[in-house]
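Subject: Structure for your attention, with notes on side-chain pairs

Dear colleague,

I am handing over the structure we spoke of, together with some notes on it. Please look through it first, and then read on with the model open beside the text.

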Amino acid sequence: MPPVAIVTGRTNGDTGGSEATGTPVPADTGIPARTGTDRPSPRAVPETGRIRQPVALIRLLAGLVAVALTLLLADYAQATTGGIAADVAGAAELVPRPLAGLAGGLTTAAVLLLPVVLAARRLLGPDRRRALQQVSDGLLAAVLAYGATLALDLWADRFAPVSLLAALTQGRPDGVLGHTEPVYGYLAPVLAFMTASGTRERRVPWAVLTLSGLAGLAGGYATPTALLLGLLIGWTGAHGTLYAVGTPDPLPRPGDILRALHESGLRPVEAHPAGPDRYLVHQGDDRPGLDVQLLDRQAVTAAAVQRAWRRLRLRTAPHPRALRSPRAGLEHEALVTYAALAAGVRTRRIAATAGLGQDTALIAYERLPGRTLDLLADQEITDELLADAWRQLARLQRREVAHRALVPSSLLVDGTGAVHLVDFADGDIAASELVLRCDLAQLLTTLALRAGAARSVRTAVAVLGPDTVGAALPLLQPIALARSTRHALKRADRATATAARTGGTTARAGGTAKVLPAPRTAPDTAAADGAAGGLLEEIRAEVLRTRPQAVVRPVRLERLKPRTLLAVVGGVVAGWLLIPQLFAAEDNPIAAVADADPAWLALALVAAALSHVTAAMGFVGFVPERLDFRNAVLAQLAGAFAKLVSPGGVGGVALNTRLLQQAGIPTAQALSSVGVGQLIGLVLHLLQLGAFVYLLDLQPGGSELDALPAVVGGLAGAAALLAVVSAVPPARRWLAARLRPLTAEVLPRLLDLLRSPARLAVGLTGQLMVSICLIGCLYCCTRAIGREPSFASVAVVFLVGNAAGNVAPTPGGAGAVDGALITLLQQTASMEKGGALAAVAMYRLLTLILPVLPGWAAMTWLQRRRAL
């Protein structure tokens, strides 16, 4: 074996140079940077040599949730936990007391000696420096875990509900007055030390912990719930410590890499860092060089979290393979690479794979000199190069192999101009047709960003045919593309829009669009078209020129939108907080609703129904064009159904805009009309609030007189905030950008409405009456349960609570509206908690729950008539 020259040191970033030698790695090393895919960016190691691994944070959060759920189940499922504890206690009585005491003493001694043995074994190993760091982490985690058990014991004894304390403890077995500890604290520090110190031998330590737990149960010193809490606190405390202080960098040294490659049958001589987690290795005997990629647990875990979210959100996402090991990630990348080679695709060949402990693995490719697509000059991107890229993709698709990350850094061009597809870490074999079409859409966009839409589509059609390319049209949407591609599209479209405004042209280079000086002629029409539709629209237009009958309607790829997820979570939390209050109140609101006055209840129902008619008046009154009033009323009713999946008034705004579009009104004018209605509604809402606060102050009463100063103070604070924002130039520009649509679209539309006073009067009346109807509904609900608040006080309660509902990101303002109305009815209308709960429950039943089914029927009817 030739002598091995080890080049140590780490890189400062993606510079391609070695910090140890100062010798730059050539630009054509063939090591493509992976920053263009949806995987996490390569991490930088701090000077302390410690890193915070995402897996530690994930496990910390999971542990905290598990502890919280255990406490909740112990309190709410007392029959179950009590039965389990009784069964365990009955079985423990069968064990002779002397034997149970002897087992308890021996296991306690073993548990106390276990950390000492584990620490000594680690410190006597080969890597003593790293072992000392890990043992120190283990000791810190043990101390914190023991402190957490003492704190939880103190909380359970002094502050926890009596039912929870009874579920966690039992009488002492030695006959002494008192109870056992709520948390079996002997196990928590030991488990924390084992986990934080990175103990690899788990069988003996876990056997000792198991025997100690069984001895505690047999001796009657712990309940099953207390034992489980001790284990959870130890495990959670360990991962909390590891995330707080970080763990020693698990990446191997260059010597370890060379040693692993030599054991794999290669002849490595020296290793140069070529980027984060990457090395360029030279071999002896004139063998080709190697590109070595390291896979550590941190990067794999972060990628798994992203895949899990994509799997939840997108239909085309890969299986999450959550928290897989680095070795499993290596095996997956190697499998897809071998499948690509078998398909005849040009790519790098795998020279070796090896594991470097339990936290790191490496995959070594034969060095392939070349440059990635983003590093090529514009004149180097020829039609032949583009066609070659499409030929490589065609070979992949014939074998149903998906790449999933066809970004510029994944297209490597060698010295002869041949394209090689690299970086198959996110790929899949036996991929579905939808995923394969996503690859096609991704490559269309990637090449169009560099060479333009026309050349990208023309070369694709020449290689794949018009039918195959046309099948990608429904997938040409941002959500189907890589994150880096979405960012590049935004930059390119902004540059194209700038060129259209200034009369310049654009040139695409390196995945971005550069604005070139404009000639002294008329503005470029193509640039203006691009600014209007964007690069994706250009690609669609080019495809339709070759395949006019292609399906253009986008495929729905999203299973779950983030906004919907937030709304559902908010609704669940609101229900979790509200439902217990319904049954915990002294005056049971359920019984109060059941005993409600039928006459007032009927009036409340009529007021709730009239609110949809008046809302339609407030909508059509701000639309200069003639609308079918029946459709407008049904659209407001359908908005009640849309509230279930949209926060605040977002669903109603979307439905109104869609109704205007289907009525033949252009989108810009439709949005302007809806915006006018929203603006007038906001102004009238504030005026009504001021009027009812004034009426409330005129009424006799003590605390109610404080309402006007509070409102005036709020308005003064808003004015002061506006003055501060106007005085700061960046904030002023931000506010001006947000108000530009108001001045450019909404105000001109409002001026048009001033020419039709009758229609404007209808709109103003409707906006006023919709609030009056809803206030009347809430007032009738309070009267139906036997309370007699003033109408002005109920009006103030509704106007403030409704504003809170429009801000809350929950369906129909769930939680925010209910909590605000209940609190304000108690403070402003002087109602007790039970009565306020009953009135709000009845009001929400009439305005939120009952209209759902009619709203669904109205939406279905409008959709069948193509009015929505």
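What follows is an account of the aromatic pairs, the charged pairs and one glutamine.

Please keep in mind throughout that this is a predicted model.

Aromatic rings

The structure holds four aromatic pairs, and I describe two of them here. Trp600 and Tyr779 meet edge-to-face, with their ring centres 6.2 Å apart and an angle of 85° between the planes. This pair links distant parts of the chain, since Trp600 belongs to helix H20 (residues 598–620) and Tyr779 to helix H26 (residues 757–784), 179 residues apart. With a relative accessible area of 23%, Trp600 is partly exposed, whereas Tyr779, at 15%, counts as buried. The second pair, Phe798 and Tyr843, is likewise edge-to-face, at 6.5 Å centre to centre and 80° between the planes. Here too distant parts of the chain are linked, with Phe798 in helix H27 (residues 791–807) and Tyr843 in helix H29 (residues 833–849), 45 residues apart; both Phe798 and Tyr843 are buried. When you look at Trp600 and Tyr779 in the model, please include Phe692 and Phe791 in the view, as these four residues form one aromatic cluster.

A ring also takes part in an arrangement with a charged group: the charged end of Arg348 sits over the ring of Tyr365, at 4.2 Å from the ring centre.

Salt bridges

Across the whole structure, the search finds 16 salt bridges, of which three are set out below.

In the first that I would point to, Arg547 and Asp467 are joined through their side chains, with an N to O distance of 2.7 Å. The two come from distant parts of the chain, 80 residues apart: Arg547 lies in the loop between helix H17 (525–546) and helix H18 (562–584), while Asp467 lies in helix H15 (residues 466–470). Arg547 is partly exposed at 25% relative accessibility, and Asp467 is partly exposed at 46%.

Next, Asp388 forms a salt bridge with Arg391, where the closest N and O atoms are 3.8 Å apart. Both residues lie in helix H12 (residues 383–398), at a spacing of three residues, or about one turn of the helix. Asp388 counts as buried because its relative accessibility is 7%, which is under 20%, while Arg391, at 30%, counts as partly exposed.

Arg783 and Glu788 are also joined by a salt bridge, their closest N and O atoms being 4.0 Å apart. Arg783 is partly exposed, with a relative accessible area of 21%, whereas Glu788 is exposed, with 68%. Returning to Asp388 and Arg391, these residues belong with Arg346 and Glu384 to one network, joined by salt bridges that share partners.

A buried glutamine

Finally, Gln688 may be worth a look in the model. Gln688 is placed in helix H23 (residues 667–698) and is buried, since its relative accessible area is 8%. Which residues is Gln688 in contact with, leaving aside its neighbours within four places in sequence? They are Leu768, Ser771, Ile772 and Leu799.

With best wishes

Notes:
Residues numbered from 1 in each chain as written. Predicted model: local features only at pLDDT ≥ 70, side-chain atom pairs only at ≥ 80, totals over all residues. Heavy atoms only, no water. Helix = DSSP H or I, 4+ residues; strand = E, 2+ residues; numbered from the N terminus. Buried < 20%, exposed > 50% of the residue type's maximum accessible area, 1.4 Å probe, protein only. Contact = heavy atoms within 4.5 Å. Phe/Tyr/Trp six-rings, centres within 6.5 Å; stacked < 30°, edge-to-face > 60°. Lys NZ or Arg CZ within 6 Å of the ring centre and 35° of its normal.
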